[in-house]
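I am opening a notebook page on this structure and will write down what I looked up, in the order in which I looked.

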Amino acid sequence: MSRAVCPGSFDPVTHGHLDIIGRAATLFDEVIVAIGVNPSKSRLFGPEERTDMLRRAVEPFTNVRVEGFTGLVTDFCLAQDAPAIVKGLRASSDFDYEMPMAQMNSALTGVETVFLPTSTRQSFVSSSLVKEVAAFGGDVSAFVPDFVLAALTARLAERA
Ligand code: PNS
């Protein structure tokens with residue numbers, strides 16, 4: 001069975017993530033969406049909230065499951081018997097950020113990274129921008145599932 005890990009912070013999940021996850025699900029027998037911690041990013045949603053939203057968002061994909069992980073993503077991949085990581089690339093800035101991580105992960109363990117170009121409709125969508133636009137009252141309904149929009153609106157109202 002071919003198995004890949006799709007890691008990220010998913011704070012919160014966007015249609016951009018779901019585009020990559022859905023396409024990865026056509027390439028591999030099983031895709032594990034792995035929610036990790038990026039210490040350089042501040043989080044709006046806790047791990048359980050992000051997991052709940054992702055599980056709901058990936059319900060249409062029968063070969064996708066969602067797990068949390070701590071520590072190295074490559075250790076998680078080995079523990080899951082997954083030899084590949086799938087990442088989406090939006091622009092050259094993503095390439096510059098992802099390439100050294102892909103090379104490090106390959107050097108550490110042999111876990112290889114498969115890059116998928118994001119679809120042009122999603123190429124500007126990121127969780128960070130979605131949160132920023134929503135915080136200033138912008139309409140982000142095109143970029144996240146309805147239930148994520150509701151959670152985002154509620155969380156931002158709590159913090160206002
Ligand atoms: O959505 P993000 O913020 O780009 O996700 C980043 C994440 C969590 C996938 C990345 O920071 C990660 O893999 N963290 C786990 C720690 C790790 O393995 N670091 C070494 C990478 S070479």
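Which backbone N or O atom lies 2.9 Å from an oxygen atom of the ligand? I looked this up in what is a predicted model, and I found that the atom belongs to Val-73. I then noted that the protein covers 81% of the 550 Å² of accessible area that the ligand has on its own.

**Entry: around the ligand**

I listed the surroundings of the ligand and obtained 15 residues, the closest being Ser-9, Asn-38, Lys-41, Leu-72 and Val-73. Turning from backbone to side chains, I found a polar side-chain atom of Ser-9 at 2.7 Å from an oxygen atom of the ligand, and for Lys-41 I likewise read 2.7 Å between a polar side-chain atom and a ligand oxygen atom.

**Entry: strand S2 and its partners**

I next asked how many of the six residues of strand S2 (residues 30-35) are buried. I counted six of the six, so the strand is largely enclosed by the rest of the structure. In a regular strand the side chains alternate between the two faces of the sheet, and I therefore checked each side separately. On one side I found Glu-30, Ile-32 and Ala-34, on the other Val-31, Val-33 and Ile-35, and all are buried, which leaves both faces of S2 covered.

For the pairing, I recorded six bridges between S2 and strand S1 (residues 3-8), in the parallel sense, and I noted Ile-35 of S2 as the bridge partner of Gly-8. Following the chain from S1, I passed through helix H1 (residues 15-27) to reach S2, and this β-α-β crossover is right-handed.

S2 also runs parallel to strand S3 (residues 64-68), to which five bridges join it, and there I found Ile-32 opposite Arg-65 of S3. From S2 the chain crosses through helix H2 (residues 47-57) to S3, and I logged this β-α-β crossover as right-handed too.

**Entry: cysteines**

How many disulfides does a search of the whole structure find? My search returned zero. A disulfide is a covalent bond between the sulfur atoms of two cysteines, so I looked at the sulfur distances next. For Cys-6 the closest cysteine sulfur is that of Cys-77, at 10 Å, which is too far for a bond; the cut-off I applied to such a pair is within 2.5 Å. Starting from Cys-77, I came back to Cys-6 as the closest, again at 10 Å. I also noted that Cys-6 is buried, with a relative accessible area of 5%, and that Cys-77 is buried at 0%.

Notes
Residues numbered from 1 in each chain as written. Predicted model: local features only at pLDDT ≥ 70, side-chain atom pairs only at ≥ 80, totals over all residues. Heavy atoms only, no water. Buried < 20%, exposed > 50% of the residue type's maximum accessible area, 1.4 Å probe, protein only. Helix = DSSP H or I, 4+ residues; strand = E, 2+ residues; numbered from the N terminus. Pairing = 2+ DSSP bridges. Right-handed = clockwise from strand over helix to strand, strands pointing away. Near = heavy atom within 4 Å. Polar contact = N/O pair within 3.5 Å; in protein donor to acceptor, adjacent residues only side chain to side chain. Areas by Shrake-Rupley, 256 points an atom, 1.4 Å probe, with all protein chains shown as cover.
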